[in-house]
Amino acid sequence: MRAIFPIVDSQRPVIKHQPFSVPVGQLLLQAQSLSCIRQDRVLFEQLSLQVHAGELLQVAGKNGAGKSSLLRLLAGLATPDEGQLLYCRQPVADVATDYAANLCYIGHHSGIHEQLTALENLAFWRAAAELPQADDLALLATLGLAGLEDIPCRMLSAGQQRRVSLARLWFSRSQLWILDEPFTALDQSAIAMLQQFFLQHLTCGGAIILTTHQPLSMVYDGLNTLELAYRW
Ligand SMILES: Nc1ncnc2c1ncn2[C@@H]1O[C@H](COP(=O)(O)OP(=O)(O)OP(=O)(O)O)[C@@H](O)[C@H]1O
């Protein structure tokens, strides 16, 4: 079988170069006047934002400000109390299938099956996404999981489980990645590798929306920040 992601160097994983559906610089996602109320508290209102192909938007703010809530709205996993979401200038509800196909969301929870091994989890995700077989052992080695491929994920550390979870990005064909705290539990070398991988995705025309309490060390022109104020 041919590997669709040629992993040539454990420190420098190579992303598959592919034309995404939306060209670099064009509008991918647009939120218009979003409001979100949780437990009678208005987390945010009249919130508008735009994400273009090739851009990274970092959503920042204190604990409880509403970052995860916003990401869930943007991923279509929750409905805003007001406002609307447009994908390629069309209401997401009208293009839900296209949007879902072009979106990779990784939330707080790892999404891995703890009883399955890392290899089995990768096989499961591949099958779910109807992706061809590839060199998953090489991918897991890239992610620092060599030698840990065949033990149930519940026996891995939090950071190792996070690495397995993030493996989805390596074979994602989605242009837009929405990532809630992707660096949680990762050590410094894994954070650096992940940011390098983000850069590859962005320079290929991908887009990323993420939250993190850590400052990003990557240098990139298309990096924007949205600070969510904590509202009582
Ligand atoms: N499904 C829900 N039902 C009720 N309240 C919720 C729900 N989801 C979130 N909240 C509340 O909304 C507020 C914002 O939560 P959210 O997880 O969006 O914050 P956050 O900015 O991501 O925080 P953190 O930095 O701690 O991850 C919190 O006070 C939380 O209790």
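This passage describes the domains, the ligand shell and one helix of a predicted model.

The protein was divided by its domain assignment into two domains. Domain 1 is made of two stretches, 25–102 and 174–232. Domain 2 covers 110–173. Their C-alpha centres are separated by 24 Å. Contact between the two involves ten residues of domain 1 and nine residues of domain 2. On the domain 1 side, helix α6 contributes the largest share, with three residues. That side holds seven nonpolar residues, two polar residues and one charged residue.

A separate annotation comes from the UniProt record. This unreviewed entry places the feature "domain: ABC transporter" at residues 29–231. Within that span, helix accounts for 30% and strand for 28%. The C-alpha atoms at its two ends are 25 Å apart.

The ligand is surrounded by R38, Q39, L43, G61, N63, G64, A65, G66, K67, S68 and S69. By class, the shell has seven polar residues, two nonpolar residues and two charged residues. Helix α1, residues 67–74, gives the most to this shell. Its share is three residues.

One shell residue, N63, was examined further. N63 sits in the loop that links β3 and α1. Is N63 buried or exposed? Its C-beta atom has 7 C-beta neighbours inside 10 Å. A residue with 12 or fewer counts as exposed, so N63 falls in the exposed class. The position of N63 was also compared with that of L140. The two residues are 77 apart in sequence. In space, their C-alpha atoms are 32 Å apart.

Helix α6 runs through residues 188–203. Does its span fall short of the expected value, or agree with it? The helix has 16 residues, and the rise is 1.5 Å a residue. The expected span is therefore 22 Å. In the model, the end C-alpha atoms are 23 Å apart, which agrees with that value.

Part of α6 is buried. The buried residues are M193, L194, F198, H201 and L202. They pack against two strands of the segments before and after the helix, β7 (176–180) and β8 (207–211). They also pack against β3 (56–61) and helix α5 (158–170). The strand β3 thus recurs in two settings, as a packing partner of α6 and as one end of the loop that holds N63. After α6 comes G205. The phi of G205 is positive, near 100°.

How values were computed. Residues numbered from 1 in each chain as written. Predicted model: local features only at pLDDT ≥ 70, side-chain atom pairs only at ≥ 80, totals over all residues. UniProt positions renumbered as here; feature names shortened; annotations may be inferred. Helix = DSSP H or I, 4+ residues; strand = E, 2+ residues; numbered from the N terminus. Near = placed C-beta within 6 Å. Nonpolar A, V, L, I, M, F, W, Y, C, P; charged D, E, K, R; others polar. Expected span 1.5 Å × (residues − 1). Buried ≥ 20, exposed ≤ 12 C-beta atoms within 10 Å, placed from the backbone. Contact = placed C-beta atoms within 7 Å. Domains from an automatic or database assignment.
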